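Here's a quick walk through one chain, from its surface patches to its core. Have the viewer open as you read.

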Amino acid sequence: MAYFMVVLLDDKRMEKIKGTELEDKVQYMFGGELRCLNVEVSEELKDKILQEFDTARIDSRGAITDVPVAFMRELFNQVAEKKSLGPEVIEGVLAKVNEIKEMAAKESEYLPPPEIEV
């Protein structure tokens, strides 16, 4: 089975990949309301992700979900840096697993409420 991770793209992230081959690989979800890239994940890398992050899950599409926000942030950084959606991107993220776990622990301790201006 093929596995992948979905990287959501806002306008700021789109600017970082503009003009690269990645721009041609952008997909649209929910009737075009969301833009995303799908990063390929091998069986071996899938197992490493599931081992490192106990909240990680695989949905019915084969997408790996429920990883910390810090993981997803670094995943985009690796995609933008390497200009790729291949296994080297996931390997780059997993190379920083200790740093990601530290940031994830802070996320779970306290997530501030959003600031809403009236």
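## A charged patch

Which residues form a negative surface patch? Glu15, Glu21, Glu23 and Asp24 do. Bear in mind that this is a predicted model.

One of the four, Glu15, sits in helix α1, which runs over residues 11–17. Glu15 has a relative accessible area of 53%, so it counts as exposed, the cut-off being over 50%.

## A nonpolar patch

There's a nonpolar patch on the surface as well: Leu8, Phe30 and Leu34 make it, and it covers about 300 Å².

Where does Phe30 sit? Look in the loop between β2 (27–29) and β3. With a relative accessible area of 62%, Phe30 is exposed.

## The core

Now for the inside. The largest nonpolar core holds 30 residues, and those touching the most other members are Met5, Ile49, Phe71, Leu75 and Ile90. At least two core residues come from each of β1 (3–9), α1, β3 (34–41), α2 (43–52), α3 (69–82), α4 (87–94) and α5 (97–109). The top contributor is α3, which gives six residues.

## A look at Phe76

Helix α3 is also where you'll find Phe76. Is Phe76 buried or exposed? Its relative accessible area is just 2%, and since anything under 20% counts as buried, Phe76 is buried.

For a distance to check in your viewer, try Phe76 and Phe4: they are 72 residues apart along the chain, and their C-alpha atoms are separated by 13 Å.

Definitions and conventions: Residues numbered from 1 in each chain as written. Predicted model: local features only at pLDDT ≥ 70, side-chain atom pairs only at ≥ 80, totals over all residues. Heavy atoms only, no water. Patch = residues over 30% accessible without salt bridge, like charges linked within 9 Å, V, L, I, M, F, W, Y side chains within 5 Å. Areas by Shrake-Rupley, 256 points an atom, 1.4 Å probe, with all protein chains shown as cover. Salt bridge = Lys/Arg side-chain N within 4 Å of Asp/Glu carboxyl O. Lys, Arg positive; Asp, Glu negative; His and termini not counted. Charge placed at Lys NZ, Arg CZ, Asp CG, Glu CD. Buried < 20%, exposed > 50% of the residue type's maximum accessible area, 1.4 Å probe, protein only. Core = buried A, V, L, I, M, F, W, Y, C linked by side-chain atoms within 4.5 Å.
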